[in-house]
Amino acid sequence: MTKVIINGSKGRMGKALLRCGEINPDIEIIAGIDVGDDLNNVINNADAVIEFSFHDVTRNIAELCSKNKKALVIGTTGHTDEDKAAITELKSQIPIVWASNFSTGVNTLFWLTRKATEVLGTEFDLEVVEMHHRLKKDAPSGTATTLSEILAEVRQVSIEKEIRHGRQGIVGERTDSEIGMHSLRGGDVVGDHTVVYAGNGERLELTHKAASRNTFANGALRAAAWACSQPPGLYSMEDVLGLE
Ligand code: NAD
């Protein structure tokens with residue numbers, strides 16, 4: 001039984017993690033931490049911390065996990081490059097599973113995106129479209145960013161140079177190498193992601209739609225149990241699922 005603490009326990013994901021953790025036979029949730037609580041008081045009793053709160057918070061949580069030698073699962077998105085680098089450094093101390101999306105379906109979408117981009121070659125124009133509920137704070141979503149990173153990696157182009165966030169005005173014709181990125185916000189959409197491959201005379205679209213946060217929560221709980229038996233390192237959900 002893996003003893004887990006949820007950080008951000010009063011949020012949308014935190015509540016889903018508490019709900020799913022209660023009925024998971026491999027997991028015991030020993031504490032939920034949110035604003036006003038102190039993780040220092042309980043971390044010693046845990047095997048792993050699952051962090052789904054706010055991007056400003058993750059670095060401190062990661063440092064606390066490193067100090068106490070606890071496995072860490074990070075679901076929070078929207079970190080600065082500086083925070084990403086500082087958190088990544090801790091991989092030599094503890095196992096960290098860091099995923100922009102913990103659903104099995106989306107991780108299969110990552111795998112399919114890599115394959116489709118390899119197979120279709122450079123003849124197809126690449127665009128990523130995502131939609132989330134009206135309360136989401138960061139854009140584009142972490143998952144859409146991961147998808148664009150996969151596209152850039154396979155095409156061997158610089159993501160910083162080629163990403164086009166929306167289009168407005170006289171932007172000129174599309175280049176072959178640009179990767180379009182479009183964020184829609186509204187209603188209670190849990191998370192939709194589409195990768196569009198637009199060619200001459202045909203178009204392929206790979207789409208994933210999440211209908212419940214339980215899919216992310218169950219994936220993060222599985223990652224926590226898995227991480228506890230791994231050596232220090234930085235892992236993805238594809239590693240947890242054995243997809244790589
Ligand atoms: P939310 O705003 O509903 O919840 C965030 C919670 O964190 C709130 O209860 C807030 O009070 C708490 N919090 C803020 N500061 C804190 C602190 N210092 N210590 C402890 N708790 C603190 O947001 P959400 O929809 O639950 O999403 C949380 C994060 O998870 C976002 O970054 C979101 O993008 C990400 N997310 C990731 C996945 C994934 O699969 N990786 C899926 C869904 C959401």
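Two strands count as paired here if DSSP finds at least two bridges between them. In this predicted model, strand S6 (residues 125-132) and strand S8 (residues 179-185) clear that bar, lining up in the parallel sense with seven bridges. To pick out one point along this pairing, Val129 sits opposite His182 in S8. S8 also has strand S7 (residues 163-165) as a partner: the two run parallel and are joined by three bridges. Here Ile163 faces Ile179 of S8.

Turning to charged side chains, the structure contains 13 salt bridges. Arg59 is a handy place to start, as it takes part in a salt bridge with Glu63, at 3.6 Å from N to O. Both residues belong to helix H2 (residues 58-68), where they are four residues apart, or about one turn of the helix. How accessible are they? Arg59 has a relative accessibility of 27% and so counts as partly exposed. Glu63 falls in that class too, being partly exposed at 37%.

Arg59 also forms a salt bridge with Asp83, and in this pair the closest N and O atoms are 3.2 Å apart. Because Arg59 lies in helix H2 and Asp83 in helix H3 (residues 81-89), the contact ties together parts that are 24 residues apart in sequence. Asp83 itself is buried, since its relative accessible area is 11% and the cut-off for buried is under 20%.

Another salt bridge links the side chains of Lys136 and Asp138, with 3.0 Å from N to O. Is Asp138 buried or exposed? With 19% relative accessibility, Asp138 counts as buried, as the limit is under 20%. Elsewhere, salt bridges with shared partners bring Asp125, Glu127, Arg164, Arg167, Arg174 and Glu178 together in one network.

Then there are charges on the surface. Which residues make up the positive surface patch? It is formed by Arg12, Lys15, Arg19 and Lys137. Of these, Arg19 is part of helix H1, which covers residues 12-22. Why can Arg19 be included in a patch? Its relative accessible area is 49%, making it partly exposed, and patches are made of residues with over 30% relative accessible area and no salt bridge.

Conventions. Residues numbered from 1 in each chain as written. Predicted model: local features only at pLDDT ≥ 70, side-chain atom pairs only at ≥ 80, totals over all residues. Heavy atoms only, no water. Patch = residues over 30% accessible without salt bridge, like charges linked within 9 Å, V, L, I, M, F, W, Y side chains within 5 Å. Areas by Shrake-Rupley, 256 points an atom, 1.4 Å probe, with all protein chains shown as cover. Salt bridge = Lys/Arg side-chain N within 4 Å of Asp/Glu carboxyl O. Lys, Arg positive; Asp, Glu negative; His and termini not counted. Charge placed at Lys NZ, Arg CZ, Asp CG, Glu CD. Buried < 20%, exposed > 50% of the residue type's maximum accessible area, 1.4 Å probe, protein only.
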